[in-house]
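Me: Hi! I'd like to talk through a structure with you. Mind if I fire off some quick questions?
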Amino acid sequence: MPSKDAPVAIAGAGIGGLTAALALSRAGRKVCIVERASELREAGAGLQLSPNACGVLRRLDVLDALEPAAVAPAAIRIANGQTGREVASVPLGESISRRYGNPYWVVHRADLQNALLAAVKRHTDIDLRLGCEVTEVVMNGPRHVAFTLHHAGTEQPMEADALIGADGVWSSVRSIFPAQHDARFTGQTAYRTTIPAAGLPSWILINTGLWLGPNAHVVHYPISGGDKLNLVVLVEEDWTGKTWSEPASSDAVAGALANWSPVVQELAGRASQWLKWALCRVDASRPWTDQRLALLGDAAHAMLPFVAQGAAMAIEDAAVLATSISAHKSLPAALKAYEAARKPRVRKVQALAERNARIYHLSGPMAFGRDTALRLLGPKRLAGQMDWIYRWTAPE
Ligand SMILES: Cc1cc2nc3c(=O)[nH]c(=O)nc-3n(C[C@H](O)[C@H](O)[C@H](O)COP(=O)(O)OP(=O)(O)OC[C@H]3O[C@@H](n4cnc5c(N)ncnc54)[C@H](O)[C@@H]3O)c2cc1C
(Lines give C-alpha, C1' and ligand atoms only; values in the text may rest on other atoms or scores of the structure.)
Protein backbone atom coordinates (compact mmCIF):
# COMPACT_ATOMS: atom_id res chain seq x y z
CA MET A 1 0.00 0.00 0.00
CA PRO A 2 1.51 3.41 -0.89
CA SER A 3 2.36 5.85 1.90
CA LYS A 4 0.04 8.82 2.14
CA ASP A 5 1.65 12.30 1.97
CA ALA A 6 0.81 13.56 5.46
CA PRO A 7 2.13 11.31 8.18
CA VAL A 8 0.28 9.89 11.10
CA ALA A 9 1.94 11.61 14.06
CA ILE A 10 2.47 9.83 17.37
CA ALA A 11 3.23 11.72 20.57
CA GLY A 12 5.33 9.51 22.86
CA ALA A 13 7.89 6.81 22.10
CA GLY A 14 7.11 4.50 25.02
CA ILE A 15 6.19 0.87 24.45
CA GLY A 16 2.79 1.88 23.04
CA GLY A 17 4.09 4.61 20.71
CA LEU A 18 6.98 2.55 19.31
CA THR A 19 4.71 -0.45 18.69
CA ALA A 20 2.12 1.78 17.00
CA ALA A 21 4.81 3.28 14.75
CA LEU A 22 5.87 -0.20 13.62
CA ALA A 23 2.30 -1.42 13.10
CA LEU A 24 1.30 1.71 11.13
CA SER A 25 4.41 1.54 8.98
CA ARG A 26 3.67 -2.11 8.24
CA ALA A 27 0.17 -0.98 7.19
CA GLY A 28 1.75 1.38 4.65
CA ARG A 29 1.53 4.68 6.54
CA LYS A 30 4.21 7.30 6.85
CA VAL A 31 4.78 7.92 10.57
CA CYS A 32 6.32 10.77 12.57
CA ILE A 33 6.94 9.76 16.19
CA VAL A 34 7.80 12.54 18.60
CA GLU A 35 9.33 11.93 22.04
CA ARG A 36 9.86 14.53 24.74
CA ALA A 37 12.94 12.81 26.22
CA SER A 38 16.18 13.43 24.33
CA GLU A 39 17.25 9.84 24.93
CA LEU A 40 15.03 6.77 25.16
CA ARG A 41 15.60 5.30 28.59
CA GLU A 42 13.16 2.90 30.27
CA ALA A 43 12.95 2.55 34.06
CA GLY A 44 15.40 -0.06 35.36
CA ALA A 45 12.60 -2.51 35.98
CA GLY A 46 10.95 -5.57 34.53
CA LEU A 47 7.87 -6.34 32.51
CA GLN A 48 5.79 -9.48 32.14
CA LEU A 49 4.93 -10.02 28.47
CA SER A 50 1.94 -12.29 28.08
CA PRO A 51 1.11 -14.32 24.91
CA ASN A 52 -1.40 -11.75 23.63
CA ALA A 53 1.38 -9.11 23.57
CA CYS A 54 4.03 -11.53 22.26
CA GLY A 55 1.77 -12.40 19.31
CA VAL A 56 1.75 -8.75 18.17
CA LEU A 57 5.52 -8.43 18.67
CA ARG A 58 6.06 -11.59 16.64
CA ARG A 59 4.10 -10.15 13.71
CA LEU A 60 6.15 -6.98 13.89
CA ASP A 61 9.41 -9.01 13.79
CA VAL A 62 10.45 -7.89 17.27
CA LEU A 63 10.07 -11.15 19.21
CA ASP A 64 13.15 -12.93 17.81
CA ALA A 65 15.38 -9.96 18.64
CA LEU A 66 14.03 -9.96 22.20
CA GLU A 67 14.46 -13.70 22.81
CA PRO A 68 18.11 -13.72 24.04
CA ALA A 69 17.23 -11.27 26.84
CA ALA A 70 13.90 -12.88 27.76
CA VAL A 71 13.19 -15.54 30.37
CA ALA A 72 10.20 -17.91 30.22
CA PRO A 73 9.41 -18.62 33.90
CA ALA A 74 8.39 -22.19 34.67
CA ALA A 75 5.41 -21.21 36.85
CA ILE A 76 3.78 -18.46 38.80
CA ARG A 77 4.10 -19.42 42.43
CA ILE A 78 1.46 -17.79 44.63
CA ALA A 79 2.18 -17.71 48.36
CA ASN A 80 0.85 -16.12 51.52
CA GLY A 81 3.24 -13.26 52.26
CA GLN A 82 2.99 -13.65 56.03
CA THR A 83 3.11 -17.42 56.54
CA GLY A 84 5.33 -17.95 53.49
CA ARG A 85 3.20 -20.98 52.61
CA GLU A 86 2.55 -21.72 48.92
CA VAL A 87 -1.15 -21.59 48.04
CA ALA A 88 -0.98 -22.36 44.30
CA SER A 89 1.43 -22.82 41.45
CA VAL A 90 0.21 -22.09 37.93
CA PRO A 91 2.36 -23.51 35.11
CA LEU A 92 3.80 -21.05 32.58
CA GLY A 93 6.81 -21.97 30.37
CA GLU A 94 6.17 -24.53 27.62
CA SER A 95 2.56 -25.10 28.65
CA ILE A 96 1.74 -21.45 27.83
CA SER A 97 3.37 -21.62 24.40
CA ARG A 98 1.48 -24.84 23.63
CA ARG A 99 -1.83 -23.43 24.84
CA TYR A 100 -1.68 -20.00 23.17
CA GLY A 101 0.89 -20.35 20.39
CA ASN A 102 2.99 -17.58 21.93
CA PRO A 103 5.22 -17.43 25.01
CA TYR A 104 4.92 -15.79 28.42
CA TRP A 105 8.17 -13.93 28.90
CA VAL A 106 9.64 -11.69 31.56
CA VAL A 107 12.04 -9.03 30.31
CA HIS A 108 13.89 -5.91 31.33
CA ARG A 109 11.96 -2.91 30.00
CA ALA A 110 15.10 -1.55 28.35
CA ASP A 111 15.53 -4.80 26.39
CA LEU A 112 12.00 -4.50 24.98
CA GLN A 113 12.52 -0.83 24.22
CA ASN A 114 15.83 -1.57 22.45
CA ALA A 115 14.24 -4.30 20.34
CA LEU A 116 11.36 -1.97 19.35
CA LEU A 117 13.74 0.90 18.66
CA ALA A 118 16.02 -1.22 16.48
CA ALA A 119 12.96 -2.27 14.43
CA VAL A 120 11.79 1.37 14.16
CA LYS A 121 15.22 2.42 12.87
CA ARG A 122 15.01 -0.20 10.11
CA HIS A 123 11.85 1.45 8.74
CA THR A 124 12.74 4.41 6.53
CA ASP A 125 9.14 5.67 6.57
CA ILE A 126 9.26 6.23 10.35
CA ASP A 127 10.64 9.64 11.33
CA LEU A 128 11.65 9.46 15.02
CA ARG A 129 12.25 12.83 16.67
CA LEU A 130 13.74 12.82 20.14
CA GLY A 131 13.82 15.79 22.49
CA CYS A 132 10.63 17.17 20.90
CA GLU A 133 7.37 17.93 22.61
CA VAL A 134 3.93 18.08 21.03
CA THR A 135 1.99 21.18 22.13
CA GLU A 136 -0.82 23.44 20.89
CA VAL A 137 -2.82 20.83 19.05
CA VAL A 138 -5.64 22.19 16.86
CA MET A 139 -8.05 20.52 14.49
CA ASN A 140 -7.32 22.07 11.12
CA GLY A 141 -10.72 21.71 9.50
CA PRO A 142 -11.82 18.22 8.55
CA ARG A 143 -8.63 17.32 6.65
CA HIS A 144 -5.69 17.57 9.04
CA VAL A 145 -4.62 18.05 12.60
CA ALA A 146 -2.02 20.75 13.34
CA PHE A 147 0.31 21.06 16.30
CA THR A 148 3.55 22.71 17.36
CA LEU A 149 6.77 20.81 17.90
CA HIS A 150 8.98 22.28 20.60
CA HIS A 151 12.63 21.38 20.30
CA ALA A 152 15.54 23.02 22.16
CA GLY A 153 13.78 26.38 22.45
CA THR A 154 12.54 26.37 18.83
CA GLU A 155 9.00 25.88 17.58
CA GLN A 156 8.00 24.13 14.37
CA PRO A 157 4.43 23.98 13.05
CA MET A 158 3.43 20.48 11.90
CA GLU A 159 0.44 18.93 10.13
CA ALA A 160 -0.58 15.31 10.23
CA ASP A 161 -3.39 13.09 9.01
CA ALA A 162 -4.02 12.09 12.60
CA LEU A 163 -2.34 12.56 15.97
CA ILE A 164 -2.06 9.56 18.27
CA GLY A 165 -1.53 10.42 21.93
CA ALA A 166 0.71 7.63 23.20
CA ASP A 167 2.12 10.08 25.72
CA GLY A 168 1.48 8.15 28.90
CA VAL A 169 -0.59 8.60 32.02
CA TRP A 170 -0.15 12.41 32.12
CA SER A 171 -0.97 12.76 28.41
CA SER A 172 -1.06 16.30 27.04
CA VAL A 173 -2.96 15.10 23.96
CA ARG A 174 -5.72 13.84 26.29
CA SER A 175 -5.86 17.21 28.00
CA ILE A 176 -7.20 18.89 24.83
CA PHE A 177 -10.13 16.47 24.48
CA PRO A 178 -13.45 18.28 24.98
CA ALA A 179 -14.56 15.70 27.59
CA GLN A 180 -11.23 15.77 29.37
CA HIS A 181 -10.55 13.19 32.06
CA ASP A 182 -7.71 13.41 34.52
CA ALA A 183 -5.47 10.65 35.80
CA ARG A 184 -6.20 9.84 39.45
CA PHE A 185 -3.94 8.43 42.15
CA THR A 186 -5.26 5.00 43.17
CA GLY A 187 -3.99 4.99 46.76
CA GLN A 188 -1.36 2.37 45.80
CA THR A 189 2.40 2.75 45.51
CA ALA A 190 4.90 0.48 43.74
CA TYR A 191 8.45 0.18 45.13
CA ARG A 192 10.71 -1.21 42.41
CA THR A 193 14.24 -2.54 42.36
CA THR A 194 16.45 -5.07 40.61
CA ILE A 195 18.93 -7.29 42.42
CA PRO A 196 21.74 -9.52 41.10
CA ALA A 197 20.68 -13.14 40.59
CA ALA A 198 23.97 -14.49 42.00
CA GLY A 199 23.38 -16.29 45.29
CA LEU A 200 19.59 -16.51 44.99
CA PRO A 201 17.92 -19.93 45.29
CA SER A 202 17.06 -21.52 41.95
CA TRP A 203 13.33 -21.79 42.74
CA ILE A 204 13.24 -18.00 42.87
CA LEU A 205 15.19 -17.64 39.65
CA ILE A 206 13.04 -19.97 37.54
CA ASN A 207 9.60 -18.79 38.65
CA THR A 208 7.48 -15.70 38.91
CA GLY A 209 6.68 -15.12 42.59
CA LEU A 210 3.46 -13.52 43.84
CA TRP A 211 3.18 -13.03 47.61
CA LEU A 212 -0.15 -11.80 49.00
CA GLY A 213 -0.45 -9.90 52.29
CA PRO A 214 -2.54 -7.36 54.19
CA ASN A 215 -2.64 -4.07 52.25
CA ALA A 216 0.34 -5.10 50.13
CA HIS A 217 1.70 -7.71 47.74
CA VAL A 218 5.09 -8.56 46.29
CA VAL A 219 5.99 -9.69 42.78
CA HIS A 220 9.38 -10.92 41.53
CA TYR A 221 10.73 -12.56 38.42
CA PRO A 222 14.05 -12.98 36.63
CA ILE A 223 15.02 -10.53 33.87
CA SER A 224 18.05 -9.74 31.65
CA GLY A 225 18.39 -13.36 30.52
CA GLY A 226 18.32 -14.48 34.17
CA ASP A 227 21.15 -12.22 35.39
CA LYS A 228 18.88 -10.12 37.61
CA LEU A 229 15.75 -10.41 39.67
CA ASN A 230 13.05 -7.77 39.29
CA LEU A 231 11.35 -7.10 42.63
CA VAL A 232 8.24 -4.96 43.18
CA VAL A 233 6.55 -4.25 46.50
CA LEU A 234 3.02 -2.84 46.04
CA VAL A 235 1.59 -1.06 49.03
CA GLU A 236 -1.65 0.75 49.88
CA GLU A 237 -0.54 4.16 51.13
CA ASP A 238 -0.89 7.89 50.56
CA TRP A 239 1.40 9.72 48.18
CA THR A 240 3.13 12.75 49.63
CA GLY A 241 5.86 13.13 46.99
CA LYS A 242 6.20 16.22 44.81
CA THR A 243 6.60 14.14 41.62
CA TRP A 244 4.92 10.87 40.66
CA SER A 245 8.08 8.78 41.01
CA GLU A 246 11.09 9.25 43.27
CA PRO A 247 13.82 7.38 45.16
CA ALA A 248 12.66 5.49 48.24
CA SER A 249 14.49 4.24 51.31
CA SER A 250 15.06 0.58 52.23
CA ASP A 251 13.50 1.44 55.60
CA ALA A 252 10.19 2.34 53.95
CA VAL A 253 10.14 -1.06 52.21
CA ALA A 254 11.19 -2.91 55.37
CA GLY A 255 8.40 -1.12 57.26
CA ALA A 256 5.81 -2.23 54.69
CA LEU A 257 7.06 -5.82 55.00
CA ALA A 258 7.19 -6.01 58.82
CA ASN A 259 5.55 -9.32 59.92
CA TRP A 260 6.13 -10.82 56.47
CA SER A 261 7.85 -14.11 55.71
CA PRO A 262 11.65 -13.94 56.27
CA VAL A 263 12.10 -15.12 52.65
CA VAL A 264 10.47 -11.92 51.34
CA GLN A 265 12.23 -9.72 53.90
CA GLU A 266 15.58 -11.26 52.99
CA LEU A 267 14.95 -10.69 49.26
CA ALA A 268 14.01 -7.04 49.84
CA GLY A 269 17.04 -6.61 52.11
CA ARG A 270 19.34 -7.42 49.18
CA ALA A 271 18.31 -4.29 47.27
CA SER A 272 20.71 -1.34 47.35
CA GLN A 273 18.28 1.20 45.90
CA TRP A 274 14.55 1.59 45.38
CA LEU A 275 12.37 3.82 43.23
CA LYS A 276 8.77 4.34 44.18
CA TRP A 277 5.91 5.13 41.80
CA ALA A 278 2.45 6.48 42.51
CA LEU A 279 0.04 4.18 40.68
CA CYS A 280 -2.49 6.25 38.75
CA ARG A 281 -5.60 5.35 36.80
CA VAL A 282 -7.23 6.81 33.72
CA ASP A 283 -10.89 5.81 33.37
CA ALA A 284 -11.00 3.64 30.22
CA SER A 285 -14.69 4.33 29.71
CA ARG A 286 -14.11 8.03 28.80
CA PRO A 287 -13.59 9.07 25.12
CA TRP A 288 -10.37 7.92 23.42
CA THR A 289 -10.91 9.57 20.05
CA ASP A 290 -12.04 12.92 18.71
CA GLN A 291 -12.06 13.46 14.92
CA ARG A 292 -8.37 13.00 14.02
CA LEU A 293 -7.09 12.51 17.56
CA ALA A 294 -6.79 9.15 19.30
CA LEU A 295 -5.35 8.02 22.62
CA LEU A 296 -3.43 4.78 23.05
CA GLY A 297 -1.92 2.87 25.99
CA ASP A 298 -1.67 4.57 29.39
CA ALA A 299 -2.90 7.88 27.92
CA ALA A 300 -6.27 6.20 27.29
CA HIS A 301 -6.47 3.67 30.11
CA ALA A 302 -3.65 3.62 32.68
CA MET A 303 -4.49 0.82 35.10
CA LEU A 304 -3.19 -0.84 38.24
CA PRO A 305 -0.48 -3.33 37.25
CA PHE A 306 -2.30 -6.15 39.10
CA VAL A 307 -2.96 -8.28 36.00
CA ALA A 308 0.37 -7.24 34.40
CA GLN A 309 -1.49 -6.00 31.32
CA GLY A 310 -0.88 -2.23 30.98
CA ALA A 311 1.85 -2.52 28.36
CA ALA A 312 0.16 -5.55 26.78
CA MET A 313 -3.00 -3.46 26.26
CA ALA A 314 -0.91 -0.66 24.69
CA ILE A 315 0.66 -3.23 22.35
CA GLU A 316 -2.78 -4.63 21.44
CA ASP A 317 -4.08 -1.05 20.90
CA ALA A 318 -1.26 -0.42 18.43
CA ALA A 319 -2.12 -3.50 16.35
CA VAL A 320 -5.85 -2.70 16.23
CA LEU A 321 -5.25 0.97 15.43
CA ALA A 322 -3.10 0.07 12.40
CA THR A 323 -5.62 -2.49 11.12
CA SER A 324 -8.44 -0.03 11.55
CA ILE A 325 -6.59 2.72 9.69
CA SER A 326 -5.91 0.39 6.75
CA ALA A 327 -9.50 -0.83 6.66
CA HIS A 328 -11.18 2.62 6.52
CA LYS A 329 -10.90 5.35 3.87
CA SER A 330 -11.84 8.04 6.38
CA LEU A 331 -9.41 8.56 9.26
CA PRO A 332 -12.02 9.80 11.74
CA ALA A 333 -14.08 6.66 10.96
CA ALA A 334 -10.98 4.48 11.41
CA LEU A 335 -10.25 6.03 14.79
CA LYS A 336 -13.85 5.58 15.93
CA ALA A 337 -13.72 1.92 14.87
CA TYR A 338 -10.46 1.49 16.79
CA GLU A 339 -12.05 2.89 19.96
CA ALA A 340 -15.14 0.71 19.56
CA ALA A 341 -13.02 -2.42 19.04
CA ARG A 342 -10.73 -1.82 22.01
CA LYS A 343 -12.82 -0.27 24.73
CA PRO A 344 -14.90 -3.20 26.04
CA ARG A 345 -11.86 -5.44 26.41
CA VAL A 346 -9.66 -2.80 28.03
CA ARG A 347 -12.43 -1.82 30.47
CA LYS A 348 -12.75 -5.48 31.47
CA VAL A 349 -9.01 -5.80 32.07
CA GLN A 350 -8.96 -2.53 34.05
CA ALA A 351 -11.84 -3.80 36.21
CA LEU A 352 -10.03 -7.12 36.80
CA ALA A 353 -6.92 -5.24 37.97
CA GLU A 354 -9.07 -3.40 40.52
CA ARG A 355 -10.73 -6.62 41.67
CA ASN A 356 -7.28 -8.19 42.14
CA ALA A 357 -6.26 -5.18 44.25
CA ARG A 358 -9.06 -6.02 46.69
CA ILE A 359 -8.38 -9.78 46.74
CA TYR A 360 -4.57 -9.61 46.91
CA HIS A 361 -4.59 -7.29 49.93
CA LEU A 362 -7.10 -9.07 52.18
CA SER A 363 -6.23 -9.77 55.80
CA GLY A 364 -7.38 -12.06 58.65
CA PRO A 365 -10.16 -14.59 57.95
CA MET A 366 -10.82 -13.10 54.50
CA ALA A 367 -7.20 -13.81 53.52
CA PHE A 368 -7.59 -17.37 54.84
CA GLY A 369 -10.70 -17.76 52.67
CA ARG A 370 -8.85 -16.41 49.63
CA ASP A 371 -5.95 -18.83 50.12
CA THR A 372 -8.34 -21.76 50.56
CA ALA A 373 -10.24 -20.79 47.40
CA LEU A 374 -6.99 -20.55 45.42
CA ARG A 375 -5.92 -24.00 46.69
CA LEU A 376 -9.28 -25.52 45.76
CA LEU A 377 -9.32 -23.94 42.31
CA GLY A 378 -6.01 -25.61 41.49
CA PRO A 379 -3.51 -24.89 38.71
CA LYS A 380 -5.71 -25.90 35.77
CA ARG A 381 -8.67 -23.70 36.59
CA LEU A 382 -6.46 -20.82 37.69
CA ALA A 383 -4.65 -20.99 34.33
CA GLY A 384 -7.99 -21.15 32.50
CA GLN A 385 -9.12 -17.89 34.12
CA MET A 386 -6.61 -15.99 31.99
CA ASP A 387 -7.75 -17.55 28.69
CA TRP A 388 -9.83 -14.55 27.64
CA ILE A 389 -6.81 -12.29 28.00
CA TYR A 390 -4.03 -14.51 26.65
CA ARG A 391 -5.93 -16.05 23.73
CA TRP A 392 -6.42 -12.69 22.01
CA THR A 393 -4.81 -12.34 18.60
CA ALA A 394 -4.49 -9.21 16.50
CA PRO A 395 -6.87 -8.81 13.56
CA GLU A 396 -5.21 -9.32 10.15
C1 LIG B 1 5.02 -1.30 38.89
C2 LIG B 1 4.48 -1.51 37.52
C3 LIG B 1 4.57 -2.77 36.94
C4 LIG B 1 4.03 -3.01 35.68
N5 LIG B 1 4.13 -4.27 35.16
C6 LIG B 1 3.59 -4.52 33.94
C7 LIG B 1 3.69 -5.83 33.37
O8 LIG B 1 4.28 -6.73 33.96
N9 LIG B 1 3.12 -6.05 32.15
C10 LIG B 1 2.47 -5.05 31.47
O11 LIG B 1 1.97 -5.31 30.36
N12 LIG B 1 2.39 -3.79 31.97
C13 LIG B 1 2.92 -3.51 33.18
N14 LIG B 1 2.86 -2.24 33.70
C15 LIG B 1 2.20 -1.17 32.92
C16 LIG B 1 3.10 -0.59 31.84
O17 LIG B 1 4.34 -0.20 32.39
C18 LIG B 1 2.45 0.63 31.18
O19 LIG B 1 1.09 0.35 30.94
C20 LIG B 1 3.14 0.94 29.86
O21 LIG B 1 4.51 1.17 30.05
C22 LIG B 1 2.49 2.14 29.19
O23 LIG B 1 3.15 2.43 28.00
P24 LIG B 1 2.78 3.72 27.16
O25 LIG B 1 3.62 3.65 25.93
O26 LIG B 1 1.32 3.86 27.02
O27 LIG B 1 3.22 4.96 28.06
P28 LIG B 1 4.67 5.41 28.59
O29 LIG B 1 5.56 4.24 28.73
O30 LIG B 1 4.43 6.27 29.77
O31 LIG B 1 5.27 6.29 27.40
C32 LIG B 1 4.83 7.63 27.16
C33 LIG B 1 5.95 8.39 26.47
O34 LIG B 1 5.44 9.66 26.02
C35 LIG B 1 6.43 10.66 26.26
N36 LIG B 1 5.70 11.96 26.30
C37 LIG B 1 4.88 12.43 27.28
N38 LIG B 1 4.34 13.61 26.93
C39 LIG B 1 4.83 13.92 25.68
C40 LIG B 1 4.61 15.00 24.76
N41 LIG B 1 3.79 16.03 25.02
N42 LIG B 1 5.27 14.99 23.56
C43 LIG B 1 6.09 13.96 23.26
N44 LIG B 1 6.33 12.89 24.08
C45 LIG B 1 5.69 12.87 25.28
C46 LIG B 1 7.07 10.24 27.56
O47 LIG B 1 8.34 10.81 27.71
C48 LIG B 1 7.13 8.71 27.39
O49 LIG B 1 8.31 8.28 26.76
C50 LIG B 1 3.41 -1.96 34.96
C51 LIG B 1 3.35 -0.67 35.50
C52 LIG B 1 3.88 -0.45 36.77
C53 LIG B 1 3.82 0.94 37.34
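Me: Let's start with the contacts in the chain with a separation of 6 or more: what share comes from residues 24 or more positions apart?
Reply: Happy to help! Keep in mind that this is a predicted model. Residues 24 or more positions apart account for 73% of those contacts.

Me: And how many helices and strands are there?
Reply: The chain has 14 helices and 19 strands.

Me: What about the radius of gyration, how does that fit a compact globule?
Reply: It agrees: the chain has 21 Å, and a compact globule with 396 residues would have a radius of gyration near 21 Å. Along the principal axes, the C-alpha trace spans about 60 × 45 × 35 Å.

Me: How much of the chain counts as buried?
Reply: Of the 396 residues, 55% are in the buried class.

Me: And the surface, what does the chain expose?
Reply: About 17000 Å², with carbon and sulfur atoms supplying 52% of that area.

Me: Switching to charges, how many positive and negative side chains are there?
Reply: There are 41 positive and 36 negative ones, and the centres of the two sets lie 7 Å apart.

Me: Now one residue: where is D387?
Reply: D387 sits in helix α14, which covers residues 387-390.

Me: Which residues is D387 in contact with, leaving aside neighbours within four places in sequence?
Reply: Those are R99 and Y100.

Me: What does the side chain of D387 do with the side chain of R99?
Reply: The two side chains make a polar contact, at 3.1 Å.

Key: Residues are numbered from 1 along each chain as its sequence is written. This is a predicted model: local features need pLDDT of at least 70, side-chain atom pairs count only at pLDDT 80 or more; totals for chains, interfaces and linings use all residues. Side-chain values use heavy atoms; hydrogens and water are left out. Helices (H or I, at least four residues) and strands (E, at least two) are DSSP runs, numbered from the N terminus. The radius of gyration is taken over C-alpha atoms; the globule rule is 2.2 Å times the number of residues to the power 0.38. Buried means under 20% relative accessible area, exposed over 50%, partly exposed in between (1.4 Å probe, protein chains only). Contact means heavy atoms within 4.5 Å. Accessible areas come from the Shrake-Rupley method with a 1.4 Å probe; for residues, only the protein chains shown count as cover. Lys and Arg count as positive and Asp and Glu as negative; His and the chain ends are not counted. The place of a charge is taken as NZ of Lys, CZ of Arg, CG of Asp or CD of Glu. A polar contact is a pair of N or O atoms within 3.5 Å; within protein, one must be able to donate a hydrogen and the other to accept it, and residues adjacent in sequence count only if both atoms are side-chain atoms.
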